[in-house]
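Me: I have a structure open and want to learn to read it. Can you take me through it feature by feature?

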Amino acid sequence: MFRTELMGFLEMDTDRECDARVLTGRVLGEIRPVFSEHGAIQDCDIGIASVTEKLLAR
């Protein structure tokens, strides 16, 4: 058995943290069923680790 840990980020065009969390939750909601369709994947936990503001370059 092997365990794979995924890393990455989503950058969103919104000015509110709560909007970013809601949008991310929707994306994760669409991704979770894809994992469950693969019989070899026995367990999966994917969630939001952090939400940080990206400052605009001047």
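Me: Start with the overall fold. How many helices and strands does the protein chain have?
Reply: Count the secondary structure elements before anything else. Here the protein chain has 1 helix and 0 strands. Keep in mind that this is a predicted model.

Me: Is the chain spread out or compact?
Reply: Compare the radius of gyration with the value from the globule rule. The protein chain has a radius of gyration of 14 Å, and the rule gives 10 Å for 58 residues. That is well over the rule, so the chain is more spread out than a compact globule. The spans fill in the picture: the C-alpha trace covers about 45 × 20 × 15 Å along its principal axes.

Me: What share of the residues is buried?
Reply: Burial is judged by relative accessible area, and the cut-off for buried is under 20%. In this chain, 5% of the 58 residues count as buried. The accessible surface comes to about 6,000 Å². Carbon and sulfur atoms account for 53% of that surface.

Me: Now the helix. How does the reach of helix 1 compare with the expected span?
Reply: Take the distance from the first C-alpha to the last, then set it against the expected span. Helix 1 runs over residues 17-36, which makes 20 residues. Its reach is 29 Å, close to the 28 Å expected.

Me: Which residues of helix 1 are buried?
Reply: They are Ala20, Thr24 and Leu28. Look down the axis of helix 1 and these buried residues fall within an arc of 65°, so they line one face of the helix. On the face turned away from the buried side, you find the exposed residues Arg26 and Glu30.

Me: Let me go through the buried face one by one. What does alanine 20 touch?
Reply: For contacts, skip the residues up to four places away in sequence. On that basis alanine 20 touches Met12, Thr14 and Val51. Alanine 20 has a relative accessible area of 12%, so it is buried. Also compare sequence distance with spatial distance. Alanine 20 and threonine 52 are 32 residues apart in sequence, yet their C-alpha atoms are 9.5 Å apart.

Me: And what does threonine 24 touch?
Reply: Leaving out residues up to four places away in sequence, threonine 24 touches Leu10, Met12 and Ile48. Met12 is also a contact of alanine 20. Threonine 24 counts as buried at 14% relative accessibility.

Me: That leaves leucine 28. Which residues does leucine 28 touch?
Reply: With the same kind of filter, leucine 28 touches Ile46, Gly47 and Ile48. Its relative accessibility is 9%, and leucine 28 counts as buried. The C-alpha atoms of leucine 28 and isoleucine 48 are separated by 8.8 Å, with their positions 20 residues apart along the chain.

Me: Give me a contrast. Is valine 34 buried, exposed or partly exposed?
Reply: Place in a helix does not settle the class, so read the accessibility for each residue. Valine 34 lies in helix 1. Its relative accessible area is 42%, and valine 34 is partly exposed. From valine 34 to glycine 47 the C-alpha distance is 15 Å, and the two are 13 residues apart in sequence.

Me: On to charges. How many salt bridges are there in the whole structure?
Reply: A search of the whole structure finds 4 salt bridges. For each pair, check three things: the N to O distance, the place in the chain and the exposure.

Me: Which salt bridge links distant parts of the chain?
Reply: Lysine 54 pairs with glutamate 11, the closest N and O atoms being 3.1 Å apart. Lysine 54 is in the segment after helix 1, and glutamate 11 is in the segment before helix 1. They are 43 residues apart. Both lysine 54 and glutamate 11 are exposed.

Me: What partner does glutamate 17 have?
Reply: Glutamate 17 forms a salt bridge with arginine 21, with the closest N and O atoms 3.1 Å apart. Both residues lie in helix 1, 4 residues apart, about one turn of the helix. Glutamate 17 is partly exposed at 45% relative accessibility. Arginine 21 is partly exposed too, at 38%.

Me: And which residue forms a salt bridge with arginine 3?
Reply: That is glutamate 5, the closest N and O atoms being 3.6 Å apart. Glutamate 5 counts as exposed at 65% relative accessibility. Arginine 3 counts as exposed at 74%.

Definitions and conventions:
Residues are numbered from 1 along each chain as its sequence is written. This is a predicted model: local features need pLDDT of at least 70, side-chain atom pairs count only at pLDDT 80 or more; totals for chains, interfaces and linings use all residues. Side-chain values use heavy atoms; hydrogens and water are left out. Helices (H or I, at least four residues) and strands (E, at least two) are DSSP runs, numbered from the N terminus. The expected span of a helix is 1.5 Å times one less than its number of residues. Buried means under 20% relative accessible area, exposed over 50%, partly exposed in between (1.4 Å probe, protein chains only). The arc is that of the directions from the helix axis to the C-beta atoms. Contact means heavy atoms within 4.5 Å. The radius of gyration is taken over C-alpha atoms; the globule rule is 2.2 Å times the number of residues to the power 0.38. Accessible areas come from the Shrake-Rupley method with a 1.4 Å probe; for residues, only the protein chains shown count as cover. A salt bridge is a side-chain nitrogen of Lys or Arg within 4 Å of a carboxyl oxygen of Asp or Glu.
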